[in-house]
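Here's a walk through the packing inside one protein model. Have the viewer open as you read.

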Amino acid sequence: MSSTKSGVAVFPKIKAIKTFIIQGVGSGGDYHNVKGGHWLIDSKIATPMSGYEEYRQSRTSWGINVLGSFCVELEATDGTKGFATGFGGPPACWLVAEHFKRFLIGADPRDTNHLFEQMYRASMFYGRKGLPVAVISVIDLAIWDLLGKIRNEPVYKMIGGATRERLWFYCTGPEPASAKEAGFTGAKVALPYSPGEGPEGMRKNVEYLRKKRSEVGPDFPLRVDCYMSLNVPYTITLVEKCKDLDIDWWEECLSPDDFDGQALLKRAHPTVKFTTGEHEYSRYGFRKLIEGRNVDIIQPDVMWVGGMTELLKVSAMAAAYDIPVVPHASGPYSYHFVVSQTNCPFQEYLANSPDGKSVLPVFGNLFTNEPIPTKGYLDITELDKPGFGLEINPFAPLIDATRILNPAPARSLEPPPQEGSEQANGVA
């Protein structure tokens, strides 16, 4: 890099942005866009749609994988490229090209707070949560990857540095005994039945959890993911029926918007741990969760919450209340974050194999060198590569989104000419 008169290096600017979708299934940032028969989509899992019998068999029946993965590539003026993946598919590519690109071209990638605020505020009238913030998240992760590559250092060293030498994991999947055997520090299973399946569903839930506890023994941490599928009375009753099973935590029992419900759960079971946050967005979404102190752990997803830039703010807020942050999945993006934060005790590994028994890369074959835990842990020296350290597989089925955005939608009206410009003065 060249220097200014003051001796400060001239930092490269963002000069180009491209987006990609991924052909087929099993690769990229959409965890649920996998082949049929995979435990994540085709095993018995309670969901907000379980109240409808026709949508209980498979999570794809109601569209959990409807968007698919997408990727963002940023190129700087010195030729360096940053890359990240997430979920959003073609709609995400359209938002990048038609809305968010204007804030990025010519920008200094070090201005992460400024860029996030511009994208978040500009999309506030249709965003704040959901897809728009998930798109901003992937752009933000690509910016951090670009910064690390320009500076030739790993992301975790730019956000606080190492707080440990080894990162430990628990495993989410259908076979907690396999997780225990593989060296993971704990396991989490999906709750099978929802309130819409009546008293028999309740009985089967208790039987299922009792069976899983027997498989791992009394001392291995066993957690339960309820995926927004329950209500307050059902949760209170279920937790009571399972108290002898020593469940380590109950996750995302209620709708993400039911803050008052979380207070009722904590009032009913003050010594039981409740967690949530996977489907919450931005620091504003987490503020009430944290201030209410009705959850024991928050679980933001860095590919959804607003990216690394916003996750750092959420983490700082939680640290002020001594609330641990255990991010939802997100592979190496989360790994860099967790090892840099003192209030992040360990990380989730989401079992990506169809049967949930073996340890495979979270992002499938998108990268050639994605680090994965061995014997339940990862030495952080494996993260010591520029940016997030991920190398794109040259055979990854990426499709340039310019192909799917062509012909492009009709563009909005041009902004009015500035006063004093040639066009404003009638000069063509």
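Let's start at Ser282, which sits in helix α10 (residues 282–292); helices here are DSSP runs of H or I with at least four residues, strands are E runs of at least two, and both are numbered from the N terminus. Before going further, a word on the source: this is a predicted model, where local features need pLDDT of at least 70, side-chain atom pairs count only at pLDDT 80 or more, and totals for chains, interfaces and linings use all residues. Residues are numbered from 1 along each chain as its sequence is written, and side-chain values use heavy atoms, with hydrogens and water left out.

Ser282 has a relative accessible area of 1%, so it is buried (buried is under 20% relative accessible area, exposed over 50%, partly exposed in between, with a 1.4 Å probe and protein chains only). Setting aside neighbours within four places in sequence, Ser282 is in contact with Tyr120, Val305, Glu310 and Val314, contact being heavy atoms within 4.5 Å.

**Two helix pairs**

Ser282 also takes part in the packing of α10 on helix α11 (residues 307–319). On the α10 side the contact uses Ser282, Arg283, Phe286, Arg287 and Ile290, and on the α11 side Glu310, Lys313, Val314, Met317 and Ala318. By type, that contact has five nonpolar residues, one polar and four charged. For these classes, Ala, Val, Leu, Ile, Met, Phe, Trp, Tyr, Cys and Pro are nonpolar, Asp, Glu, Lys and Arg are charged, and the others, Gly among them, are polar.

The other pair is helix α3 (residues 112–122) with α4. Here Thr112, Leu115, Phe116, Met119 and Tyr120 of α3 meet Val133, Ile136, Ile139, Ile143, Trp144 and Leu147 of α4. This contact divides into 10 nonpolar residues, one polar and no charged.

| Helix pair | Angle between axes | Axis separation |
|---|---|---|
| α10 and α11 | roughly 15 degrees | within 9 Å |
| α3 and α4 | about 160 degrees | 11 Å |

The axes are lines fitted to C-alpha atoms, for helices over the stretch in contact, and angles run from 0 to 180 degrees between N-to-C directions. On the usual cut-offs (under 35 degrees roughly parallel, over 145 roughly antiparallel, 65 to 115 roughly perpendicular, the rest oblique), α10 is roughly parallel to α11, while α3 and α4 are roughly antiparallel.

**The core**

Which residues touch the most other members of the largest nonpolar core? They are Ile139, Ile298 and Tyr333, in a core of 94 residues. A nonpolar core is a set of buried Ala, Val, Leu, Ile, Met, Phe, Trp, Tyr and Cys residues joined through side-chain atoms within 4.5 Å. Helix α4 (residues 131–151) supplies the largest share of this core, 13 residues. A second, separate core has 22 residues, including Leu191, Cys242, Cys253 and Val272.

Not counting neighbours within four places, Ile139 reaches Val72, Leu74, Val96, Phe100, Leu104 and Met119. Ala142 is in α4 as well, and it is buried at 0% relative accessible area. Beyond four places in sequence, Ala142 touches Val72, Leu74, Gly82, Phe83 and Ala84.

Ile298 lies in strand β9 (residues 297–298) and counts as buried, with 0% relative accessibility. Leaving out residues up to four places away, Ile298 touches Thr276, Phe286, Ile290, Val314, Ala318, Ile323, Pro324, Val325 and Val326.

As for Tyr333, it is one of the buried residues of α12. That helix (residues 331–339) is mostly covered, with nine of its nine residues buried.
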